[in-house]
Amino acid sequence: MKAFFVSKWVGTLLTCLMVLQGCSVKMDAVKEELAPLQSLKHSVDTGPAPKPEAASKQAAPPVKVSAQRQMPAKQVVKGIYVSAWSAVGNKLEQLIDLVDQTDLNAMVIDVKNDSGQVTYTSAVPMVNEIGANSHVIIRDLKGTLKRLKDKHIYTIARVVVFKDPYLSKKKSNYAMKTYQGGVWQDNKGIAWVDPYKEEVWEYNLQIAKEAAQLGFDEVQFDYVRFPENSKRVDAEVKFDNPRKWTKAQVIESFLSKAKERLGNEVYISADVFGLTTSSDNDMGIGQDWSMISKQVHYISPMLYPSHYSNGMYGIKYPDLQPYAVIHKAISDANGKNANLMRVSAPTAEIRPWYQDFTATWVKPHKKYGNVDVKEQIKAAREQGVEQFLLWNSNSTYSYR
(Lines give C-alpha, C1' and ligand atoms only; values in the text may rest on other atoms or scores of the structure.)
Protein backbone atom coordinates (compact mmCIF):
# COMPACT_ATOMS: atom_id res chain seq x y z
CA MET A 1 0.00 0.00 0.00
CA LYS A 2 1.27 3.47 -0.79
CA ALA A 3 2.83 5.16 2.18
CA PHE A 4 0.56 8.15 1.69
CA PHE A 5 -2.47 6.13 2.70
CA VAL A 6 -0.96 4.38 5.70
CA SER A 7 -1.06 7.34 8.05
CA LYS A 8 -4.24 8.61 6.40
CA TRP A 9 -6.53 5.75 7.33
CA VAL A 10 -5.00 3.84 10.26
CA GLY A 11 -6.86 5.94 12.83
CA THR A 12 -10.04 5.66 10.82
CA LEU A 13 -9.56 1.90 10.58
CA LEU A 14 -9.61 1.58 14.36
CA THR A 15 -12.76 3.67 14.55
CA CYS A 16 -14.35 1.58 11.83
CA LEU A 17 -13.63 -1.66 13.64
CA MET A 18 -15.08 -0.35 16.91
CA VAL A 19 -18.08 1.53 15.57
CA LEU A 20 -19.15 -0.77 12.77
CA GLN A 21 -18.00 -3.84 14.66
CA GLY A 22 -15.97 -5.30 11.91
CA CYS A 23 -16.84 -3.57 8.65
CA SER A 24 -18.41 -6.85 7.51
CA VAL A 25 -21.93 -7.21 6.26
CA LYS A 26 -21.92 -10.69 7.69
CA MET A 27 -22.96 -8.91 10.86
CA ASP A 28 -25.96 -9.77 12.97
CA ALA A 29 -27.85 -6.57 12.13
CA VAL A 30 -28.42 -7.63 8.55
CA LYS A 31 -28.79 -11.35 9.12
CA GLU A 32 -31.03 -11.78 12.16
CA GLU A 33 -33.88 -13.02 9.99
CA LEU A 34 -31.76 -15.86 8.61
CA ALA A 35 -30.64 -17.57 11.80
CA PRO A 36 -32.63 -16.48 14.85
CA LEU A 37 -30.90 -17.22 18.14
CA GLN A 38 -33.75 -16.52 20.54
CA SER A 39 -34.25 -20.16 21.51
CA LEU A 40 -30.49 -20.72 21.69
CA LYS A 41 -30.08 -17.91 24.20
CA HIS A 42 -32.55 -19.52 26.55
CA SER A 43 -31.68 -23.19 26.13
CA VAL A 44 -28.72 -25.26 25.04
CA ASP A 45 -30.97 -28.06 23.84
CA THR A 46 -32.67 -26.35 20.91
CA GLY A 47 -31.78 -24.19 17.92
CA PRO A 48 -33.90 -21.97 15.71
CA ALA A 49 -37.39 -23.32 15.04
CA PRO A 50 -37.83 -24.52 11.45
CA LYS A 51 -40.19 -22.74 9.13
CA PRO A 52 -43.24 -24.98 8.64
CA GLU A 53 -42.94 -25.11 4.88
CA ALA A 54 -39.25 -26.06 4.99
CA ALA A 55 -39.21 -29.14 7.21
CA SER A 56 -41.45 -31.89 8.46
CA LYS A 57 -41.50 -33.24 12.01
CA GLN A 58 -39.45 -36.30 11.17
CA ALA A 59 -35.77 -35.78 10.35
CA ALA A 60 -34.61 -37.23 7.07
CA PRO A 61 -31.94 -39.94 7.13
CA PRO A 62 -28.35 -38.76 6.70
CA VAL A 63 -27.38 -38.26 3.09
CA LYS A 64 -24.98 -40.71 1.52
CA VAL A 65 -21.85 -39.20 0.05
CA SER A 66 -19.72 -40.49 -2.77
CA ALA A 67 -16.04 -41.32 -2.72
CA GLN A 68 -13.38 -38.72 -3.43
CA ARG A 69 -14.20 -36.76 -6.56
CA GLN A 70 -12.13 -34.91 -9.11
CA MET A 71 -11.67 -31.16 -9.08
CA PRO A 72 -14.46 -29.35 -10.95
CA ALA A 73 -13.62 -27.15 -13.92
CA LYS A 74 -12.54 -23.62 -13.06
CA GLN A 75 -14.95 -20.84 -13.95
CA VAL A 76 -15.11 -17.07 -13.95
CA VAL A 77 -17.60 -16.97 -11.09
CA LYS A 78 -20.33 -14.35 -10.87
CA GLY A 79 -22.49 -15.38 -7.97
CA ILE A 80 -25.07 -14.54 -5.34
CA TYR A 81 -25.47 -15.44 -1.68
CA VAL A 82 -28.35 -17.87 -1.09
CA SER A 83 -29.47 -18.36 2.50
CA ALA A 84 -30.62 -21.84 3.44
CA TRP A 85 -34.24 -20.62 3.56
CA SER A 86 -33.80 -19.29 0.02
CA ALA A 87 -32.39 -22.60 -1.23
CA VAL A 88 -35.78 -24.33 -1.08
CA GLY A 89 -39.13 -24.01 -2.82
CA ASN A 90 -40.30 -21.07 -4.91
CA LYS A 91 -37.52 -18.80 -3.71
CA LEU A 92 -34.88 -21.07 -5.19
CA GLU A 93 -36.76 -21.16 -8.48
CA GLN A 94 -36.85 -17.36 -8.53
CA LEU A 95 -33.10 -17.24 -8.00
CA ILE A 96 -32.51 -19.82 -10.71
CA ASP A 97 -34.56 -17.60 -13.04
CA LEU A 98 -32.38 -14.62 -12.09
CA VAL A 99 -29.26 -16.60 -13.02
CA ASP A 100 -30.88 -17.68 -16.30
CA GLN A 101 -31.72 -14.09 -17.22
CA THR A 102 -28.33 -12.52 -16.40
CA ASP A 103 -24.62 -13.27 -16.63
CA LEU A 104 -24.72 -14.75 -13.13
CA ASN A 105 -23.56 -18.37 -12.94
CA ALA A 106 -23.01 -19.29 -9.27
CA MET A 107 -24.66 -19.58 -5.86
CA VAL A 108 -23.11 -19.45 -2.38
CA ILE A 109 -25.37 -21.60 -0.18
CA ASP A 110 -25.36 -21.79 3.62
CA VAL A 111 -24.46 -25.27 4.83
CA LYS A 112 -23.32 -24.10 8.29
CA ASN A 113 -24.68 -20.69 9.17
CA ASP A 114 -23.97 -17.87 11.60
CA SER A 115 -25.84 -19.51 14.46
CA GLY A 116 -23.79 -22.71 14.11
CA GLN A 117 -26.71 -24.62 12.63
CA VAL A 118 -25.99 -27.18 9.92
CA THR A 119 -28.71 -26.67 7.34
CA TYR A 120 -28.96 -30.17 5.88
CA THR A 121 -29.12 -33.71 7.29
CA SER A 122 -25.48 -34.49 7.98
CA ALA A 123 -23.69 -37.72 8.79
CA VAL A 124 -20.84 -35.96 10.60
CA PRO A 125 -20.68 -37.58 14.07
CA MET A 126 -20.37 -34.40 16.16
CA VAL A 127 -23.12 -32.67 14.17
CA ASN A 128 -25.46 -35.44 15.26
CA GLU A 129 -24.04 -35.66 18.78
CA ILE A 130 -24.82 -32.01 19.55
CA GLY A 131 -27.92 -31.77 17.34
CA ALA A 132 -26.49 -29.06 15.10
CA ASN A 133 -28.78 -30.26 12.29
CA SER A 134 -31.81 -30.86 14.47
CA HIS A 135 -33.75 -28.29 12.42
CA VAL A 136 -32.98 -29.23 8.83
CA ILE A 137 -33.80 -26.52 6.30
CA ILE A 138 -32.56 -28.00 3.01
CA ARG A 139 -34.26 -31.39 3.10
CA ASP A 140 -32.76 -32.76 -0.12
CA LEU A 141 -29.39 -31.08 -0.53
CA LYS A 142 -28.13 -33.65 -3.01
CA GLY A 143 -31.24 -33.16 -5.14
CA THR A 144 -30.86 -29.39 -4.91
CA LEU A 145 -27.26 -29.63 -6.11
CA LYS A 146 -28.32 -31.85 -9.01
CA ARG A 147 -30.97 -29.30 -9.99
CA LEU A 148 -28.34 -26.55 -9.99
CA LYS A 149 -25.85 -28.71 -11.89
CA ASP A 150 -28.46 -29.39 -14.54
CA LYS A 151 -28.75 -25.60 -14.93
CA HIS A 152 -24.92 -25.30 -15.14
CA ILE A 153 -24.77 -23.28 -11.93
CA TYR A 154 -21.49 -23.35 -10.01
CA THR A 155 -22.13 -24.20 -6.35
CA ILE A 156 -20.26 -22.89 -3.31
CA ALA A 157 -20.84 -24.21 0.22
CA ARG A 158 -20.64 -21.45 2.85
CA VAL A 159 -19.25 -22.73 6.16
CA VAL A 160 -19.17 -20.27 9.07
CA VAL A 161 -16.22 -21.36 11.18
CA PHE A 162 -15.27 -19.62 14.43
CA LYS A 163 -18.43 -17.65 15.12
CA ASP A 164 -20.36 -20.64 16.46
CA PRO A 165 -22.68 -19.98 19.40
CA TYR A 166 -24.31 -23.40 19.03
CA LEU A 167 -21.10 -25.40 19.46
CA SER A 168 -20.03 -23.02 22.22
CA LYS A 169 -23.23 -23.81 24.13
CA LYS A 170 -23.20 -27.54 23.53
CA LYS A 171 -19.49 -28.03 24.21
CA SER A 172 -18.34 -25.11 26.29
CA ASN A 173 -14.80 -26.49 26.46
CA TYR A 174 -14.45 -25.44 22.81
CA ALA A 175 -15.66 -21.88 23.47
CA MET A 176 -13.52 -18.82 23.93
CA LYS A 177 -13.13 -18.50 27.70
CA THR A 178 -12.56 -15.54 29.98
CA TYR A 179 -9.66 -15.48 32.43
CA GLN A 180 -12.26 -16.27 35.11
CA GLY A 181 -13.25 -19.47 33.26
CA GLY A 182 -16.64 -18.42 31.88
CA VAL A 183 -17.75 -18.50 28.24
CA TRP A 184 -16.81 -15.20 26.62
CA GLN A 185 -19.43 -13.32 24.59
CA ASP A 186 -19.09 -10.47 22.11
CA ASN A 187 -20.95 -7.15 22.27
CA LYS A 188 -24.11 -8.83 20.97
CA GLY A 189 -23.99 -11.61 23.56
CA ILE A 190 -22.80 -14.22 21.05
CA ALA A 191 -20.23 -16.85 22.00
CA TRP A 192 -17.38 -17.80 19.69
CA VAL A 193 -15.30 -20.97 19.62
CA ASP A 194 -11.57 -20.75 20.29
CA PRO A 195 -9.70 -20.76 16.94
CA TYR A 196 -6.67 -22.30 18.63
CA LYS A 197 -8.55 -25.54 19.40
CA GLU A 198 -7.84 -28.05 16.67
CA GLU A 199 -10.94 -30.06 17.65
CA VAL A 200 -12.91 -27.07 16.32
CA TRP A 201 -10.91 -27.22 13.10
CA GLU A 202 -11.72 -30.90 12.72
CA TYR A 203 -15.44 -30.35 13.26
CA ASN A 204 -15.62 -27.71 10.55
CA LEU A 205 -13.39 -29.63 8.16
CA GLN A 206 -15.59 -32.71 8.42
CA ILE A 207 -18.61 -30.59 7.47
CA ALA A 208 -16.64 -29.04 4.60
CA LYS A 209 -15.50 -32.48 3.44
CA GLU A 210 -19.07 -33.73 3.44
CA ALA A 211 -20.19 -30.71 1.42
CA ALA A 212 -17.48 -31.45 -1.14
CA GLN A 213 -18.50 -35.09 -1.38
CA LEU A 214 -22.14 -34.13 -1.80
CA GLY A 215 -21.17 -32.29 -4.96
CA PHE A 216 -20.37 -28.66 -4.19
CA ASP A 217 -17.74 -27.20 -6.49
CA GLU A 218 -16.19 -25.06 -3.77
CA VAL A 219 -16.14 -24.59 0.00
CA GLN A 220 -16.08 -21.02 1.26
CA PHE A 221 -15.01 -20.40 4.85
CA ASP A 222 -16.61 -17.37 6.48
CA TYR A 223 -15.83 -15.92 9.92
CA VAL A 224 -12.43 -17.53 9.54
CA ARG A 225 -11.12 -14.99 12.01
CA PHE A 226 -11.13 -13.82 15.60
CA PRO A 227 -13.81 -11.42 16.90
CA GLU A 228 -13.35 -7.73 16.15
CA ASN A 229 -12.60 -5.18 18.89
CA SER A 230 -9.31 -6.95 19.50
CA LYS A 231 -8.21 -4.83 22.46
CA ARG A 232 -11.22 -5.94 24.45
CA VAL A 233 -10.91 -9.54 23.26
CA ASP A 234 -7.24 -9.80 24.16
CA ALA A 235 -7.85 -8.27 27.58
CA GLU A 236 -10.72 -10.62 28.44
CA VAL A 237 -10.03 -13.96 26.70
CA LYS A 238 -7.60 -16.64 27.79
CA PHE A 239 -6.88 -18.50 24.56
CA ASP A 240 -5.80 -22.15 24.55
CA ASN A 241 -2.54 -21.42 22.73
CA PRO A 242 0.30 -23.68 23.93
CA ARG A 243 2.22 -23.17 20.67
CA LYS A 244 2.24 -19.40 21.17
CA TRP A 245 0.95 -18.81 17.66
CA THR A 246 -0.15 -15.36 16.58
CA LYS A 247 -3.74 -14.93 15.47
CA ALA A 248 -2.62 -14.70 11.85
CA GLN A 249 -0.63 -17.93 12.20
CA VAL A 250 -3.58 -19.90 13.53
CA ILE A 251 -5.90 -18.68 10.75
CA GLU A 252 -3.29 -19.56 8.13
CA SER A 253 -2.72 -22.96 9.77
CA PHE A 254 -6.44 -23.77 9.71
CA LEU A 255 -6.67 -22.90 6.02
CA SER A 256 -3.50 -24.87 5.29
CA LYS A 257 -5.11 -27.90 6.93
CA ALA A 258 -8.26 -27.31 4.87
CA LYS A 259 -6.19 -27.28 1.68
CA GLU A 260 -4.50 -30.50 2.75
CA ARG A 261 -7.83 -32.20 3.45
CA LEU A 262 -9.95 -30.79 0.62
CA GLY A 263 -7.68 -29.28 -1.98
CA ASN A 264 -7.63 -32.24 -4.37
CA GLU A 265 -11.38 -32.44 -4.81
CA VAL A 266 -12.88 -29.00 -4.29
CA TYR A 267 -11.81 -25.37 -4.52
CA ILE A 268 -11.31 -23.46 -1.27
CA SER A 269 -12.09 -19.81 -0.65
CA ALA A 270 -12.08 -17.51 2.36
CA ASP A 271 -14.10 -14.41 3.17
CA VAL A 272 -12.04 -11.57 4.63
CA PHE A 273 -12.72 -8.05 5.84
CA GLY A 274 -12.67 -5.45 3.12
CA LEU A 275 -9.84 -3.56 4.76
CA THR A 276 -7.50 -6.55 4.48
CA THR A 277 -6.84 -5.34 0.93
CA SER A 278 -5.18 -2.21 2.35
CA SER A 279 -4.04 -3.05 5.87
CA ASP A 280 -0.40 -3.86 6.56
CA ASN A 281 -1.31 -6.13 9.50
CA ASP A 282 -3.96 -8.64 10.57
CA MET A 283 -6.15 -5.90 12.16
CA GLY A 284 -6.22 -7.89 15.40
CA ILE A 285 -8.54 -10.53 13.91
CA GLY A 286 -5.97 -12.83 12.34
CA GLN A 287 -6.71 -11.93 8.72
CA ASP A 288 -3.42 -11.18 6.98
CA TRP A 289 -4.03 -10.95 3.22
CA SER A 290 -0.73 -12.46 2.13
CA MET A 291 -0.86 -15.35 4.60
CA ILE A 292 -4.44 -16.27 3.66
CA SER A 293 -3.89 -15.81 -0.07
CA LYS A 294 -1.18 -18.49 -0.01
CA GLN A 295 -3.59 -21.11 1.35
CA VAL A 296 -6.77 -20.73 -0.73
CA HIS A 297 -7.78 -20.73 -4.37
CA TYR A 298 -9.98 -17.64 -4.04
CA ILE A 299 -9.94 -14.78 -1.56
CA SER A 300 -13.16 -12.78 -1.15
CA PRO A 301 -12.81 -9.37 0.51
CA MET A 302 -16.17 -7.98 1.59
CA LEU A 303 -15.97 -4.62 -0.15
CA TYR A 304 -19.31 -3.17 0.91
CA PRO A 305 -19.06 0.63 0.63
CA SER A 306 -21.41 1.04 3.60
CA HIS A 307 -18.89 -0.71 5.83
CA TYR A 308 -16.11 1.80 5.33
CA SER A 309 -16.10 4.66 7.80
CA ASN A 310 -16.53 8.24 6.64
CA GLY A 311 -13.27 9.59 5.30
CA MET A 312 -11.73 6.21 4.51
CA TYR A 313 -9.53 6.37 1.40
CA GLY A 314 -10.18 10.11 1.40
CA ILE A 315 -13.84 9.47 0.52
CA LYS A 316 -16.15 11.61 2.62
CA TYR A 317 -19.16 9.25 2.54
CA PRO A 318 -18.13 5.84 1.17
CA ASP A 319 -21.68 4.45 0.95
CA LEU A 320 -22.49 7.20 -1.54
CA GLN A 321 -19.52 6.41 -3.79
CA PRO A 322 -19.41 2.68 -4.57
CA TYR A 323 -17.16 3.05 -7.63
CA ALA A 324 -14.49 5.00 -5.75
CA VAL A 325 -14.40 2.57 -2.81
CA ILE A 326 -14.08 -0.53 -4.97
CA HIS A 327 -11.50 1.09 -7.25
CA LYS A 328 -9.17 1.84 -4.33
CA ALA A 329 -9.73 -1.47 -2.54
CA ILE A 330 -9.07 -3.55 -5.67
CA SER A 331 -6.01 -1.48 -6.53
CA ASP A 332 -4.52 -2.30 -3.13
CA ALA A 333 -5.51 -5.98 -3.42
CA ASN A 334 -3.85 -6.25 -6.82
CA GLY A 335 -0.74 -4.70 -5.34
CA LYS A 336 -0.60 -7.28 -2.57
CA ASN A 337 -1.04 -10.15 -5.01
CA ALA A 338 1.64 -8.70 -7.27
CA ASN A 339 4.05 -8.74 -4.33
CA LEU A 340 3.31 -12.43 -3.75
CA MET A 341 3.79 -13.26 -7.41
CA ARG A 342 7.14 -11.49 -7.48
CA VAL A 343 8.47 -14.02 -4.96
CA SER A 344 6.68 -16.93 -6.67
CA ALA A 345 4.38 -17.48 -3.68
CA PRO A 346 1.01 -19.20 -4.14
CA THR A 347 -1.54 -16.48 -4.79
CA ALA A 348 -5.33 -16.68 -4.56
CA GLU A 349 -7.53 -15.20 -7.25
CA ILE A 350 -9.47 -12.15 -6.10
CA ARG A 351 -13.24 -12.61 -6.04
CA PRO A 352 -14.84 -9.73 -4.09
CA TRP A 353 -18.19 -9.48 -2.37
CA TYR A 354 -20.21 -6.44 -3.48
CA GLN A 355 -23.13 -4.66 -1.86
CA ASP A 356 -26.63 -5.28 -3.22
CA PHE A 357 -28.51 -4.02 -0.17
CA THR A 358 -29.35 -0.66 1.36
CA ALA A 359 -27.51 0.11 4.59
CA THR A 360 -30.25 2.05 6.36
CA TRP A 361 -28.18 2.22 9.55
CA VAL A 362 -25.51 4.34 7.84
CA LYS A 363 -25.87 8.13 7.83
CA PRO A 364 -25.92 9.31 5.12
CA HIS A 365 -26.74 6.32 2.94
CA LYS A 366 -28.21 5.72 -0.48
CA LYS A 367 -30.74 3.18 -1.72
CA TYR A 368 -28.73 0.63 -3.64
CA GLY A 369 -30.00 -0.67 -6.94
CA ASN A 370 -28.74 -2.22 -10.16
CA VAL A 371 -26.79 0.88 -11.19
CA ASP A 372 -24.86 0.94 -7.90
CA VAL A 373 -24.08 -2.77 -8.12
CA LYS A 374 -22.75 -2.39 -11.65
CA GLU A 375 -20.61 0.57 -10.61
CA GLN A 376 -18.83 -1.75 -8.16
CA ILE A 377 -18.39 -4.42 -10.82
CA LYS A 378 -17.08 -1.85 -13.29
CA ALA A 379 -14.51 -0.46 -10.86
CA ALA A 380 -12.96 -3.90 -10.38
CA ARG A 381 -13.29 -5.05 -13.99
CA GLU A 382 -11.30 -2.03 -15.15
CA GLN A 383 -8.44 -3.40 -13.04
CA GLY A 384 -8.68 -6.95 -14.30
CA VAL A 385 -10.93 -8.47 -11.62
CA GLU A 386 -13.90 -10.06 -13.40
CA GLN A 387 -15.22 -12.39 -10.71
CA PHE A 388 -17.63 -11.21 -8.02
CA LEU A 389 -20.23 -12.26 -5.47
CA LEU A 390 -23.31 -10.24 -4.51
CA TRP A 391 -24.53 -10.04 -0.92
CA ASN A 392 -28.07 -9.47 0.25
CA SER A 393 -29.05 -11.05 3.57
CA ASN A 394 -32.56 -11.82 2.25
CA SER A 395 -31.19 -13.16 -1.03
CA THR A 396 -33.25 -10.52 -2.84
CA TYR A 397 -31.27 -8.86 -5.61
CA SER A 398 -31.60 -5.73 -7.72
CA TYR A 399 -29.02 -7.04 -10.21
CA ARG A 400 -30.40 -7.48 -13.72
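**Helix packing and the nonpolar core**

In the contact between helices α7 and α9, Trp201, Glu202, Leu205, Gln206, Ala208 and Lys209 of α7 meet Val250, Ser253, Phe254, Lys257, Ala258, Arg261 and Leu262 of α9, where contact means heavy atoms within 4.5 Å. These residues divide into seven nonpolar, two polar and four charged; Ala, Val, Leu, Ile, Met, Phe, Trp, Tyr, Cys and Pro count as nonpolar, Asp, Glu, Lys and Arg as charged, and the others, Gly among them, as polar. The model is a predicted one, in which local features need pLDDT of at least 70 and side-chain atom pairs count only at pLDDT 80 or more, while totals for chains, interfaces and linings use all residues. Residues are numbered from 1 along each chain as its sequence is written, and side-chain values use heavy atoms, with hydrogens and water left out.

The secondary structure comes to 12 helices and nine strands, which are DSSP runs numbered from the N terminus (helices H or I, at least four residues; strands E, at least two). Of the 400 residues of the protein, 59% count as buried, a term that means under 20% relative accessible area, with exposed over 50% and partly exposed in between (1.4 Å probe, protein chains only). Among contacts between residues at least 6 apart in sequence, 80% join residues at least 24 apart.

Two packed helices are described by the angle between their axes and the distance between the axes. Axes are lines fitted to C-alpha atoms, for helices over the stretch in contact, and angles run from 0 to 180 degrees between N-to-C directions. The axes of α7 and α9 (residues 247-262) come within 11 Å and cross at roughly 35 degrees, and the crossing is right-handed, that is, the near helix is turned clockwise from the far one by less than a right angle, whereas anticlockwise would be left-handed. For helix α3 (residues 89-101) and helix α5 (residues 141-150), the axes come within 11 Å and cross at roughly 20 degrees, and the two helices are therefore roughly parallel to each other; angles under 35 degrees count as roughly parallel, over 145 as roughly antiparallel, 65 to 115 as roughly perpendicular and the rest as oblique. Leu92, Glu93 and Ile96 of α3 make this contact with Thr144, Arg147 and Leu148 of α5.

The axes of helix α11 (residues 322-342) and helix α12 (residues 370-381) come within 8 Å, with a crossing angle of roughly 25 degrees, which makes α11 roughly parallel to α12. Asp372, which lies in α12, is buried, because its relative accessible area is 8%. Apart from neighbours within four places in sequence, Asp372 is in contact with Pro322, Lys366 and Lys367.

The largest nonpolar core, a set of buried Ala, Val, Leu, Ile, Met, Phe, Trp, Tyr and Cys residues joined through side-chain atoms within 4.5 Å, has 114 residues, and those with the most contacts inside it are Met107, Phe162 and Phe221. Helix α7 (residues 198-214) contributes the largest share of this core, nine residues. Phe221 is placed in strand β4 (residues 218-222) and counts as buried because its relative accessibility is 0%. Beyond its neighbours within four places in sequence, Phe221 is in contact with residues including Leu205, Ala208, Phe254, Leu255, Ala258 and Leu262. Phe221 and Leu255 are 34 residues apart in sequence, yet 8.8 Å apart in space, C-alpha to C-alpha.
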